[in-house]
Amino acid sequence: VSAGNAMAMESKFLQRSLRDPDLRGAQKLHSAACMAGMALFALEDASIPHVPLVHATWHCLSALGTAMVNHVLADAEQLHPELTLDALGDGGNGRGRQRQQQQEGVDGWQQRDQQQ
């Protein structure tokens, strides 16, 4: 399941980068980091005499590849702002609910008193 989700995300990232030139650099760096990371992962599994720093380098490339995903997430939020957690009012940081309460003029203490 994880591999299927990862491939679907990679495919969508590539499709978006082909349409949006601003995403191409991030997508190329992401793909290069992923390919190099997979090669190092395979090298680590296949190496009989343990090659030093391969595992650490794999983690660095993984972090770089993951960081580049933020570009496509930001692009997706621009395309569909109505689907962000803040817009849905269910953000993990509570900003969506706080913003809604501020617009309604209700703070946390007033809301607690109203519920009691």
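In which hand, left or right, does α2 pass α3? Let's find out on screen. This is a predicted model, in which local features need pLDDT of at least 70, side-chain atom pairs count only at pLDDT 80 or more, and totals for chains, interfaces and linings use all residues. Residues are numbered from 1 along each chain as its sequence is written, and side-chain values use heavy atoms, with hydrogens and water left out.

**Stop 1: the two helices.** Select residues 21–46 for helix α2 and 54–79 for helix α3; helices here are DSSP runs of H or I, at least four residues, numbered from the N terminus. Their axes come within 8 Å and cross at roughly 155 degrees, with each axis a line fitted to C-alpha atoms over the stretch in contact and angles running from 0 to 180 degrees between N-to-C directions. That makes α2 roughly antiparallel to α3 (over 145 degrees). The crossing is left-handed: the near helix is turned anticlockwise from the far one by less than a right angle.

**Stop 2: the contact.** Now show side chains. Among the residues in contact (heavy atoms within 4.5 Å) are L29, A33 and L40 of α2 and L61, L64 and M68 of α3.

**Stop 3: the ring pair.** Next, select F41 and W58. Their ring centres are 5.6 Å apart and their planes lie at 40 degrees, so the pair is tilted (centres within 6.5 Å, using the six-membered ring of Trp; planes neither under 30 degrees apart nor over 60). F41 belongs to α2 and W58 to α3, so the pair ties together parts 17 residues apart in sequence.

Finally, switch on the surface: F41 is partly exposed at 39% relative accessibility (between 20% and 50%, 1.4 Å probe, protein chains only), and W58 is partly exposed at 22%.

Terms used. Parallel < 35°, antiparallel > 145°, perpendicular 65-115°, else oblique.
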